[in-house]
Amino acid sequence: MFKDFAIDIAELHSVLNTSVDMTDDMIITNLDYRIKELAIADVMKHIPAEYNMPMLQRLQTDIKVNAGVTLLEPYNLSDSVLPKVTAMIEIPKGNLQFGNHHKPLAIAALVDANIDGQNLNASVIDVKTFTVNGVSIDVAIDGTFRSLLTDPNINANFKGSLCLDNLPPIVLNQIPGEIRGKLTANTSLKLRQSYLSKNGFHKVKVSGEAKLQDFTYVDSVTDFYTRETTFKFGTSNSFVR
């Protein structure tokens, strides 16, 4: 049995609680493993030079990650299948910045996963919250992901705003004209991967609305402006089969 057993490797600080029954086979009767405040900047120091892309070299962040794994039922180490566990990743609000020429983004997240080692397709990923806040963006996303191995099923909500005037140069440089204004949205989405086809697209369920405010787009052939335009999304249940 290990109780509050500390495991420290370089910048990784973790705690293990577990007990093992070795009466017949070696059976892990319970296990809980927690990683606390792992700094992403510290992890990046250990990336081999050949994998350290230029984008990563410009990344500045104070984000720290908490993570954990808990065994749901006793697991025999001689089994040919994986155990059933719950896993958690938490990012308390932290800042992310690409070089000195970009404004920092504040990012936070909490993701749970219920992993069925005997039937991985029955596993569920639950994004309880994922938020990004910055000069040009304010976004919150949550949702669940199921049937990941056969026909991924997504049930998600998106709420946020995007100030087009303040998009980073790396994005603006991909747009052939000048774009200004604000986009806000509050939408829900339900779909499976199989729906993304010519014969299945009508099964996608989208609800909510998106709004453009003081939107301008100008290029060599287009000069478009709207003070306010609202797009409403809705799928009739009688239409979806």
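These notebook entries follow the salt bridges I looked up in this predicted model.

Entry 1, the count. I began with the total, and the rule I applied returned six salt bridges; I then went through several of the pairs one by one.

Entry 2, Lys128 and Asp112. I found the side chains of these two residues joined in a salt bridge, with an N to O distance of 3.9 Å, which counts because the cut-off is 4 Å. Since Lys128 belongs to strand E9 (residues 124–133) and Asp112 to strand E8 (residues 105–116), the pair ties together parts that are 16 residues apart in sequence. I noted both partners as partly exposed, Lys128 with a relative accessible area of 42% and Asp112 with one of 24%. I also recorded that Asp112 and Lys128 are linked with Asp126 in a network of salt bridges.

Entry 3, Asp165 and Arg180. Here I read an N to O distance of 2.9 Å for the salt bridge between the two side chains. The pair links distant parts of the chain, 15 residues apart, with Asp165 in the loop between strand E11 (153–163) and helix H3 (169–172) and Arg180 in strand E12 (residues 178–192). I looked up their accessibility as well: Asp165 is partly exposed at 29%, and Arg180 is partly exposed at 40%.

Entry 4, Lys232 and Glu209. For this salt bridge I found the closest N and O atoms 2.8 Å apart. Lys232 sits in strand E14 (residues 223–233) and Glu209 in strand E13 (residues 205–218), so that the pair links distant parts of the chain, 23 residues apart. Lys232 counts as exposed, at 66% relative accessibility, whereas Glu209 is partly exposed, with a relative accessible area of 27%.

Notes: Residues numbered from 1 in each chain as written. Predicted model: local features only at pLDDT ≥ 70, side-chain atom pairs only at ≥ 80, totals over all residues. Heavy atoms only, no water. Helix = DSSP H or I, 4+ residues; strand = E, 2+ residues; numbered from the N terminus. Buried < 20%, exposed > 50% of the residue type's maximum accessible area, 1.4 Å probe, protein only.
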